[in-house]
There are 2 protein chains.
Amino acid sequence: MPVANGSRVPRVGIVGAGQLARMTVQTAIPLAVQVRLLAASADDSAAQVCRHVAVAQPTDFPALAAFAAGCDVLTFDHELVEARHLRDLERAGRVLRPSAETMAIAQNKARQFALWRKAGLPSPEKRAVSSAEEIVAFGDEHGWPVIVKAAQGGYDGRGVWVVPDARAAAELWLQALDRGLSLLVEQRVAIEHEIAVVLARRPGGETVVYPVVKTVQRDGICHELHVPAPIDPTLAAEAERIARAVAEAMKVVGILAVEMFVSEGRVLINEIATRPHNSGHFSLGGALTSQFENHLRAVLDWPLGRIDLLAPAVVTRNVLALSAGTNLHAGITAALAIPGVMVHLYGKQPRPGRKVGHVTALGDDLDDARERATRAVEALGGIIWERGAEREEAHP
Amino acid sequence: MPVANGSRVPRVGIVGAGQLARMTVQTAIPLAVQVRLLAASADDSAAQVCRHVAVAQPTDFPALAAFAAGCDVLTFDHELVEARHLRDLERAGRVLRPSAETMAIAQNKARQFALWRKAGLPSPEKRAVSSAEEIVAFGDEHGWPVIVKAAQGGYDGRGVWVVPDARAAAELWLQALDRGLSLLVEQRVAIEHEIAVVLARRPGGETVVYPVVKTVQRDGICHELHVPAPIDPTLAAEAERIARAVAEAMKVVGILAVEMFVSEGRVLINEIATRPHNSGHFSLGGALTSQFENHLRAVLDWPLGRIDLLAPAVVTRNVLALSAGTNLHAGITAALAIPGVMVHLYGKQPRPGRKVGHVTALGDDLDDARERATRAVEALGGIIWERGAEREEAHP
C-alpha cells in the first residue's frame with residue numbers, strides 16, 4: 001500500500017523519541033519527510049531536534065490514537081506499545097509499519113522461537129517456563145549453566161541471567177515472581193563470534209541487506225561494530241540467508257536487525273529487533289544509505305537505497321559514559337581532532353554506563369579504523385572496557 | 001576565542017533560514033550543537049526542521065540583537081544584515097563568525113576588488129562607476145561588451161548584466177538609478193571553465209580545502225558540480241592557492257567559497273561567499289565531512305573534519321522546478337529508484353526556475369555519476385537545460 005505518494009509532505013509518526021528516532025529525524029530532513037514524535041518526555045533525545053513533538057507515555061492509548069490520526073504511517077523507536085493497542089490502531093484504519101502482528105512477535109521471545117522452529121531456522125534451544133522446576137528440568141536435559149531471559153522487554157543485558165544450578169534457578173524464580181516477569185530458559189552455547197545482520201524490507205518484499213557486522217559485547221551491551229565482519233564468507237552468507245528468512249517469516253516492514261552467534265561452525269539466531277538497531281549504526285556515515293533513511297524509505301514504500309560501504313572497513317564504538325560527571329561537550333573537541341572520526345551524540349545526560357553516543361571511523365582496514373574510534377571514545381570520556389573499566393553484572 | 005567549550009550544549013545562531021541553514025541544522029544533530037534560527041518566516045526551509053526558531057526580518061535590529069543575546073556565536077545564511085548592525089552587535093559583545101568586518105567585505109564587490117588588488121590576487125579588471133559615462137569609458141578602455149554588476153546583493157544571475165555598447169550602458173544606468181543600485185563595471189573575459197574552491201577556516205587560521213569543483217552555469221545559476229574538477233593539476237593548485245589567500249585577506253571564519261574563471265590559462269576570482277555555498281553541496285554525502293558540519297566546527301573553533309571524497313567522482317545537480325505544478329513528493333519515488341543517488345529537498349514550494357533541491361551521485365568516474373544525477377533531476381521534475389528547457393535572461 002503506497003503511503004502519501006502524492007502532492008503532500010509525507011508524515012511519519014514515530015512512537016518513542018530515543019536516539020534511534022533522533023537519527024531518523026536527521027535523515028528525514030533531506031527527503032523532506034515530516035517526522036512527528038510521540039515522546040515520553042519533551043527532553044527526550046529525539047524531541048530535542050524535532051519540530052513536531054507530542055508528549056505522552058506509549059501506554060496511554062487515547063494519546064497514541066490521537067497521535068496516529070495525524071500521521072500517514074506509524075513506526076516505532078521501541079517495543080513498549082502493548083500489542084492489543086497496536087491491533088486496535090490497525091482496526092481503526094491506521095497504517096502501522098511494521099504491522100501490529102510483526103510487533104507482537106518482536107515483543108515476545110517465545111513466539112519468536114516457535115516461528116524460527118516452524119521456519120527451520122537455527123537458534124539455541126529454549127522454552128517458556130512457569131516454575132523453577134521447569135528451569136531445572138531444562139538444565140538437566142541441555143546442560144548447566146542455562147540462560148534465563150525475561151520473555152518480554154529485556155535489552156542491553158537487562159532481563160538476561162546466567163543460572164549455574166538448581167539453587168540459583170529457585171532464587172531467580174522467586175525474584176521474577178515478585179516482579180511479575182514471565183521467563184524463558186535457553187541453552188547456553190559456546191560462542192565463537194557474535195554477529196548481526198541488518199536489512200530493510202518494503203511491504204512488497206524488496207529487501208536490501210547490509211554487510212554482516214561483527215559485534216563486540218560486554219555484559220550484554222554492544223560496545224563495538226566491525227564491518228564487514230572478519231568471518232568465513234560461508235558463515236556470512238548463512239547469516240544473510242537466516243536474516244532474510246526471519247524477515248519473510250515475520251513479514252517485516254522497515255529495518256530488521258538479527259543478532260546471531262557463531263557456535264561450533266553454525267550460525268544461530270540470538271535476538272531480533274524490528275526497528276533501527278545499534279548493530280546498524282555504522283551505516284550512518286559508513287554506508288551509502290543509512291539504516292535510518294532506509295527505515296523511512298521502507299515504511300513509506302519508497303525504493304530502498306544502496307548499502308555499499310564507503311570504505312574497506314568501518315568501525316563503530318558506542319560511548320557509554322564513565323560517570324555522571326562525564327563532560328561530552330568538553331570531550332568533543334579532542335574527539336574531533338582525531339582524523340576521520342564521525343561523532344554522534346544523543347543529547348543525553350551522562351550517567352555511569354549510560355549509552356550517550358557513538359563514534360564511527362572509516363579505514364583501509366579494521367585495525368586502523370578501530371584504533372581511531374577507540375581514541376575518540378576515550379577523548380569523549382566513554383568506557384573503554386579492555387582498559388579495565390568494569391560494570392557490575394546485571395541482576396533482576 | 002573558544003566558544004562554549006564547556007559543559008553546556010553550544011548554541012549557534014544562524015541569521016536566515018534557507019536551505020543552507022536547513023542543511024546546517026541537519027549536520028548539527030550528531031554533534032549535539034543547538035542551532036537557533038532567525039527566520040524571515042516560520043515556513044522558511046530551515047525553520048520547518050528546527051526546534052528553536054525566532055521570526056523577524058534580518059533588517060530588524062532590535063529583534064536581531066535579542067536573538068544574538070541567546071546564542072554563543074552568531075553566523076549567517078545570507079548577506080542581508082546591514083554592516084552597521086553587525087558592527088553594533090560586536091560592540092555589544094556578541095561573537096560574530098565570520099566577523100562584521102569580513103561580512104562587510106563579503107557584501108561589497110568594490111571593497112573585494114580593492115582587497116584582491118592589494119593582495120596581488122588575479123580578478124577581471126573592474127571599477128565602481130557613478131555615471132553612464134564611466135561605464136562607457138571603461139568599455140572603450142577594456143573592450144566591449146562589459147559586465148555590469150550591482151555592487152551589493154546580487155546572486156544567482158540577478159544583478160548581473162552584459163552590456164554591449166554605450167547606448168545599452170545609458171539605458172541600464174537609468175534603470176539602476178530608478179532602483180537606487182550602485183554599480184560596478186567589469187571586464188568581460190574569455191571563460192574556458194568555471195570552477196570553485198570551498199574551504200573552512202578556524203579563528204586561529206587552521207584551514208581545510210575541499211577538492212576543486214568544476215561548476216556548470218546557465219544564466220548565472222549553478223546547475224552542476226563535477227568533483228574533482230577535470231582540469232590541469234597546475235590550475236587546480238593555483239585555484240587552491242588563491243582561495244587560501246582570499247581567506248587570509250578577509251580573515252574568514254567558517255566556510256569560504258571562491259568562484260573562479262579559468263581564462264586563457266589563468267585563474268581569476270569571480271565571486272566569493274563567506275558561508276556554506278551551492279558550490280560545496282557535493283560535500284554532504286560526497287565527502288567525509290560536509291561543508292555544513294565544517295562551518296559549525298569552524299565557528300565554534302573546533303577541529304575541522306577531513307574533506308576526503310567518498311568516491312573517485314562526485315556529481316551534484318541542482319533541482320530547479322520546471323513549473324509551480326512540479327510535484328516533488330511524487331517525483332521522489334522515481335528519483336530514489338536510481339541507484340546510488342542521494343536526494344536533498346529543501347521543503348520549498350516549486351515555482352518555475354526556483355531551486356528546490358539537489359541530488360548527488362557518487363561514481364567511479366564523472367560520466368557515470370553525472371548520468372545518474374541527471375536522471376534523478378528529471379525524475380523530480382527539475383529543469384534539464386541541455387534538453388531545451390530555457391529561462392528568460394534576467395533584467396534589472
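**How chain A meets chain B**

Hi everyone, let's start with the symmetry: in this predicted model, chain A superposes on chain B by a rotation of 180° with 0.0 Å of shift along its axis, RMSD 0.0 Å (a least-squares fit on the C-alpha atoms of residues with pLDDT of at least 70 in both copies). The two copies are thus related as by a two-fold rotation axis.

Some housekeeping. Residues count from 1 along each chain as its sequence is written, and chains are lettered from A and ligands numbered from 1 in the order written. Local features need pLDDT of at least 70, side-chain atom pairs count only at pLDDT 80 or more, totals for chains, interfaces and linings use all residues, and side-chain values use heavy atoms, without hydrogens and water.

Now the interface. 43 residues of chain A are in contact with 43 residues of chain B, contact being heavy atoms within 4.5 Å. The copies meet through the same surface, because 100% of the interface residues of chain A are also interface residues in chain B.

How much area is buried between chain A and chain B? About 3,700 Å², with 60% from carbon and sulfur atoms (accessible area, 1.4 Å probe, lost on putting the two parts together, summed over both). A:Ile29, A:Arg51 and A:His329 supply 20% of what chain A buries against chain B, more than any other three residues.

And salt bridges? The rule finds zero across this interface (a Lys or Arg side-chain nitrogen within 4 Å of an Asp or Glu carboxyl oxygen).
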